[in-house]
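The following exercises are to be worked with the sequence and the coordinates at hand. Each task is followed by a solution in steps.

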Amino acid sequence: MCRKWFEDIDVLGISNGSIVIYLEEDVQLNYLERKCKNQFVEAAQIITGHLLGVHFVNTRELDFQVTSPQPFNPSGYVIADGAFGDMLISPDYSFDNFIVGPGNQLAHAAAIAVSQKPAQAYNPLFIHSGVGLGKTHLLQAICQTAMQSNDSMKVYYVSCNGFLTQFLESVQAGEMSDFRHKFRAFDMLIIDDIHDLSNREQTQEEFFHTFNTLFQSGRQVVLSSDAPPNEIPHLEDRLISRFSCGLVAGIDPPGFETRVAIIKKKAALRHIDIPDEVSNYIAARLDQNIRQLEGAMTKLQGLSLLDGSPIDLAMAKTALSSGSGLKDAPKHVSIQDILDAISDFYDVKLIDLLSKRRNKSITMPRQVGMWLARRHTRFSLEEIGGYFGGRDHTTVMHAIKSVDSKITLNDQLDQDLTRLQGRLSLDKD
Ligand code: ADP
Ligand code: MG
């Protein structure tokens, strides 16, 4: 249903610094406004390189002035045609545009190998990393290179959620055999964010069979995830072992040199002039992921357009000043910060949090702490268990599951989490 909503939208133009998007139904409007606004804004800014907003409307009788009468056509993303009409691929996500550094060297080399010799190098190729470190970029580069080098090769790139949606739609429509037929006909299947399979038992089952069919008939499978296979919560063991049987390559955050090189590459792609001292300044201050760097560049680009002056160091200092939201978020939080916040917030002693005691007044805060640690740090389940009094990873997994299952039902917990994340200066989503 939601997919249809996205197909129905119509871009009317740009008005007052916002892209105006028309939607037929109130429910569509409300849904997109509530759930998707940030993603739309982010996409609009990344694609155009301008500080654009997004404005959803449900009337074509515009009561504001549309400055661009032509439908807005964000050049950049291509939707692959033919049999695979639903692939959304960015031509910018190519190997040429990917900067290689110590943190991503292995993943990059493996991606090149797989795109050149599908099913002969590493199968499956499983790439994992924290957010914004280049997984989607590499996966799409594999997809494009493989398609370019062999016309007859059937390559399919899809997000795990896209796969899930198609699966559920097929189940509802009673068209499972079409679904199977479609997926099992690919020479190369690339699924992004496979961790979204966690907790989806039925789809895990289907995916397992699809995977086996492809794998056994010598097709290439490429997957990405926010964690290595054995740390994806609620993933069936047989999938863990399938995912781990080829090459598992992690991407670590880029070092300073790589960050500078990435800023330069992105600046060239966007045709913006960024002096060396500015790229050094940004790279020195933003060190968590590449989306942050891109956010800073978008902001600078906006400031420069606004002032009508070239980007310089003073402008970069303004862009990154506190309150800009760039430097502070997403913040790195340590497990110690989380333990301190939990101990203070729930008024439990640290020593009790780390103890074997199982009173509810202690287990609940402990579970919340593990949940926060999983969500906001890059530690593995084992490591989190270690910090929380030497517990094993299944205990941590259970804690996360338990908090997840209560969030929607328990307003109090929801509020607690919001406050705790506020205290730790973390974003809730
Ligand atoms: P992930 O899928 O891991 O969350 P993405 O692939 O979406 O991350 O990357 C976020 C942004 O950073 C993208 O615009 C991507 O092009 C860019 N990026 C990531 N790694 C690199 C790199 N090594 N060189 C150039 N750009 C990169
Ligand atoms: Mg991604």
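**Exercise 1.** In the loop between which two helices is the place of D347? Determine also its backbone conformation and its exposure in this predicted model.

*Solution.*
Step 1. D347 belongs to the loop between α13 and α14, and it comes just after α13.
Step 2. The phi angle of D347 is positive, about 55 degrees, although the residue is not a glycine.
Step 3. The relative accessibility of D347 is 71%. The cut-off for the exposed class is over 50%, so D347 counts as exposed.

**Exercise 2.** Carry out the corresponding analysis for H271: in which loop is it found, and is it buried or exposed?

*Solution.*
Step 1. H271 is found in the loop between α9 and α10, the latter spanning residues 276–285.
Step 2. H271 is not a glycine, yet its phi is positive at about 55 degrees.
Step 3. With a relative accessibility of 73%, H271 counts as exposed.

**Exercise 3.** Characterise the peptide bond from N123 to P124 and locate P124 among the secondary structure elements.

*Solution.*
Step 1. Omega is near -5 degrees for the bond from N123 to P124, and the bond is cis.
Step 2. P124 lies in the loop between α3 (105–116) and β6 (125–128).

**Exercise 4.** Which residues of α13 are buried, and what covers them?

*Solution.*
Step 1. The buried residues of α13 are I335, I338, L339, A341, I342, S343 and F345.
Step 2. Their cover includes α14 (350–353), α15, α16 and α18.

**Exercise 5.** Which members of the largest nonpolar core touch the most other members? Trace the elements that contribute to this core, and examine L420.

*Solution.*
Step 1. The largest nonpolar core has 30 residues, and those touching the most other members are I342, V368, L372, L417 and L420.
Step 2. Two or more residues of this core come from each of α13 (335–345), α15 (360–376), α16 (381–387), α17 (393–407) and α18 (411–423).
Step 3. Apart from this core lies another, of 27 residues, including I191, L197, L235 and F243.
Step 4. Neighbours within four places in sequence being left aside, L420 is in contact with A341, I342, F345, Y346, V368 and L372.
Step 5. As background, nonpolar side chains in soluble globular proteins tend to be buried together.

**Exercise 6.** Two residues of helix α7 are to be compared with their surroundings. What do T210 and Q204 touch beyond their neighbours within four places in sequence?

*Solution.*
Step 1. T210 is found in helix α7, residues 201–216, and Q204 is also found in helix α7.
Step 2. The relative accessible area of T210 is 0%, so this residue is buried. Q204, at 2% relative accessibility, counts as buried.
Step 3. With residues up to four places away not counted, T210 touches F163, F183, R184 and L189.
Step 4. With neighbours within four places left aside, Q204 is in contact with L197, S198, N199, H234, L235, E236 and L239.
Step 5. For L197, the backbone oxygen lies 2.9 Å from a polar atom of the Q204 side chain.
Step 6. For L235, 31 residues from Q204 along the chain, the C-alpha separation from Q204 is 7.8 Å.

**Exercise 7.** How many residues surround ligand 1, and which polar atoms approach it?

*Solution.*
Step 1. Ligand 1 is surrounded by 19 residues, of which the closest are I99, G132, H137, K266 and E294.
Step 2. By class, this shell has 7 nonpolar, 8 polar and 4 charged residues.
Step 3. A polar backbone atom of I99 is 2.7 Å from a nitrogen atom of the ligand. An oxygen atom of ligand 1 is 3.1 Å from a backbone N or O atom of G134. A polar side-chain atom of H137 lies 2.6 Å from an oxygen atom of the ligand.
Step 4. On its own, ligand 1 has 550 Å² of accessible area, of which the protein covers 96%.
Step 5. The elements giving two or more residues to the shell are α4 (135–149), α9 (256–269) and α11 (290–307).

**Exercise 8.** Summarise the protein as a whole: how many helices and strands does it have, and what share of its residues is buried?

*Solution.*
Step 1. The secondary structure comprises 18 helices and 10 strands.
Step 2. Of the 429 residues in the protein, 48% are buried.
Step 3. Of the contacts between residues at least 6 apart in sequence, 71% join residues at least 24 apart.
Step 4. The protein exposes about 21,300 Å², and carbon and sulfur atoms supply 50% of this area.

Methods:
Residues numbered from 1 in each chain as written. Chains lettered and ligands numbered in written order. Predicted model: local features only at pLDDT ≥ 70, side-chain atom pairs only at ≥ 80, totals over all residues. Heavy atoms only, no water. Core = buried A, V, L, I, M, F, W, Y, C linked by side-chain atoms within 4.5 Å. Buried < 20%, exposed > 50% of the residue type's maximum accessible area, 1.4 Å probe, protein only. Helix = DSSP H or I, 4+ residues; strand = E, 2+ residues; numbered from the N terminus. Contact = heavy atoms within 4.5 Å. Near = heavy atom within 4 Å. Polar contact = N/O pair within 3.5 Å; in protein donor to acceptor, adjacent residues only side chain to side chain. Areas by Shrake-Rupley, 256 points an atom, 1.4 Å probe, with all protein chains shown as cover. Nonpolar A, V, L, I, M, F, W, Y, C, P; charged D, E, K, R; others polar.
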